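This briefing walks through one protein model, topic by topic. Keep the structure open alongside the text.

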Amino acid sequence: MSHVYRLVISCPDQVGIVAKVAEYIAQQGGSIVEANHHTDANNGWFFMRHEIRASSLKVSLNEFEAGFQTVANEFEMEWYISDSNKPKKIALFASKESHCLADLLHRWHESELPGEVVCVIANHDDLRSMVEWYKVPFHHVPVTPDTKPQAFAETEALVQQYGADMIVLARYMQILPPQMCADYAGQVINIHHSFLPSFVGAKPYHQANERGVKLIGATCHYVTQDLDEGPIIEQDVIRISHSQTIDDMKRLGRDVEKTVLARGLRYHLEDRVLIHGNKTVVFDA
């Protein structure tokens, strides 16, 4: 992957934003290698993501940021710039089911994910040997109704210890406490084995089977205090028929879950997801 800086912006829509940003980048010698724009006409909000070749800039990243603040103030921008050479650190949360965790670890091992997996935290010990094969630290933190406060305090301490920038719930099957959701707002990704907003909560395949649906799916979304209602990043579906059992649906659904979570995580790691309210703009490549 080439070394780029990713400039991500959202602000009230008005004439001249693209021109002013492009002018500023050009003044610093910057070469734009990818450009994405979107205007939400319903609420008058503008979104932008630019990739700038790092080697083209005549100034340091700190100097670029300091100078850009003037442009940001003019257009009331919410913005940040990230460095592709400083990948986000990922804490993976898991339980007993291995398919999503194994898929992410494999993609990371094969350098398909532009992030750094720093630890796996699980509420069961079943997947320890698999995780340790990848030479990733594994921590077993049991969660029971009686020990939830202590367990999540230990879990959050581990996330901080490893300096994780984000958390991925790879079929963790536990509800994070509200304070943890708030502390890591926009930085916790979950995979739900349903095409949300259909069949929220536990056992969505059972719910789908009872309803007789012909499509099942999976949803990658940000975690909020409202269960399964956070901003959606990515979704996909697979067709089923009346002849398939709940076990068949689970088997077919696992493939969708893996790919949807991997795509959603990649979009987040590459700063392609902009959250606005409870919706997202995703500039997929």
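Right after helix H1 comes Gly29, with a positive phi near 80 degrees. The model is predicted. H1 is taken up next, followed by the whole chain, a second helix and several individual residues.

**Helix H1**

- H1 runs over residues 17-27, and its buried residues are Ile17, Val21, Tyr24 and Ile25.
- These buried residues fall within an arc of 100 degrees when viewed down the axis of H1, so they line one face of the helix.
- Ala19 and Ala26 are exposed, on the face of H1 turned away from the buried side.
- The cover over the buried residues of H1 includes strand E1 (4-12), strand E2 (32-40), E3 and helix H2 (61-74).

**Overall build**

- The protein has 8 helices and 13 strands.
- Its radius of gyration is 21 Å, close to the 19 Å that the globule rule gives for 285 residues, so the protein is as compact as a globular protein of that length.
- Along the principal axes, the C-alpha atoms fill a box of roughly 60 × 40 × 35 Å.
- Buried residues make up 47% of the 285.
- Among contacts with a separation of 6 or more, 68% join residues 24 or more positions apart.
- The exposed area is about 13,800 Å², and carbon and sulfur atoms supply 49% of it.

**Helix H5**

- H5 has 14 residues, 148-161, which at 1.5 Å a residue should span 20 Å; the end C-alpha atoms are 20 Å apart, in agreement.
- Ala151, Phe152, Thr155, Glu156, Leu158 and Val159 are buried in H5.
- They cover an arc of only 155 degrees around the axis, which puts them on the same side of H5.
- Pro149, Gln150, Gln160 and Gln161 are exposed, on the face of H5 turned away from its buried side.
- Strands E5 (88-94), E6 (115-122), E7 (138-140) and E8 (166-169) are among the elements that cover the buried residues of H5, and helix H6 (178-183) is another.
- Gly163, just after H5, takes a positive phi of about 65 degrees.

**Arg49, Asn36 and Glu34**

- Arg49 sits in strand E3, residues 45-53.
- Its relative accessibility is 0%, so Arg49 counts as buried.
- Arg49 and Ala35 lie 14 residues apart in sequence, yet their C-alpha atoms are 6.0 Å apart in space.
- Beyond its neighbours within four places in sequence, Arg49 is in contact with Arg6, Leu7, Val8, Glu34, Ala35, Asn36, Glu270, Asp271, Arg272 and Phe283.
- The side chains of Arg49 and Glu34 are joined by a polar contact of 3.4 Å.
- Asn36 belongs to strand E2.
- Asn36 has 14% relative accessibility and therefore counts as buried.
- A polar contact of 3.0 Å links the side chain of Asn36 to the side chain of Glu34.
- Glu34 thus has side-chain polar contacts with Arg49 and with Asn36.
- Not counting residues up to four places away in sequence, Asn36 touches Phe47, Met48, Arg49, His50, Arg272 and Phe283.
- Arg272 and Phe283 are in contact with Arg49 and also touch Asn36.

**Positive phi outside glycine**

- Most residues other than glycine have a negative phi.
- Arg171 is not a glycine, yet its phi is positive, about 60 degrees.
- Arg171 is placed in the loop between E8 and H6.
- With 5% relative accessibility, Arg171 counts as buried.
- Asp271, also a residue other than glycine, has a positive phi near 60 degrees.
- Asp271 is in the loop between helix H8 (246-269) and strand E12 (273-276).
- With 2% relative accessibility, Asp271 counts as buried.
- Asp271 is also one of the contacts of Arg49.

**His192**

- Where does His192 lie? His192 is in strand E9, residues 188-192.
- Is His192 buried or exposed? At 4% relative accessibility, His192 counts as buried.
- Which residues is His192 in contact with, leaving aside neighbours within four places in sequence? They are Phe199, Val200, Gly201, Pro204, Ala218, Thr219, His221 and Asp228.

How values were computed: Residues numbered from 1 in each chain as written. Predicted model: local features only at pLDDT ≥ 70, side-chain atom pairs only at ≥ 80, totals over all residues. Heavy atoms only, no water. Helix = DSSP H or I, 4+ residues; strand = E, 2+ residues; numbered from the N terminus. Expected span 1.5 Å × (residues − 1). Buried < 20%, exposed > 50% of the residue type's maximum accessible area, 1.4 Å probe, protein only. Arc of directions from axis to C-beta. Contact = heavy atoms within 4.5 Å. Polar contact = N/O pair within 3.5 Å; in protein donor to acceptor, adjacent residues only side chain to side chain. Rg over C-alpha atoms; globule rule 2.2 N^0.38 Å. Areas by Shrake-Rupley, 256 points an atom, 1.4 Å probe, with all protein chains shown as cover.
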